[in-house]
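Colleague: Could you take me through this model and show how each term is justified?

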Amino acid sequence: MPRKPIDTPPTIEQVTAARETQTAANLAATAANRAGRHELRKQAPDWKLQRANFPKDKR
């Protein structure tokens with residue numbers, strides 16, 4: 001296979017693959033951050049008093 005000159009831009013497939021790889025990495029990092037924040041919220045002393053965990057009459 002002949003070598004491409006250095007100044008040849010990447011192909012659409014290469015750009016798409018790189019973008020998909022970056023997107024997957026960003027989504028994984030976001031999911032990890034969200035899970036970490038959720039764990040920190042659960043450790044808070046007022047966790048059981050937060051709106052999403054108990055009905056209003058039990059708060």
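The exchange below sets values against their definitions.

Modeller: This is a predicted model, in which local features need pLDDT of at least 70 and side-chain atom pairs count only at pLDDT 80 or more, while totals for chains use all residues. Residues are numbered from 1 along each chain, and side-chain values use heavy atoms, leaving out hydrogens and water.

Colleague: What makes Glu39 and Lys42 a salt bridge?

Modeller: The term requires a side-chain nitrogen of Lys or Arg within 4 Å of a carboxyl oxygen of Asp or Glu; the closest N and O atoms of Glu39 and Lys42 are 4.0 Å apart, so the pair is counted under that definition.

Colleague: Why is Glu39 called partly exposed?

Modeller: Buried means under 20% relative accessible area and exposed over 50%, with partly exposed in between (1.4 Å probe, protein chains only); Glu39 has 40%, and is therefore partly exposed, as is Lys42 with its relative accessible area of 40%.
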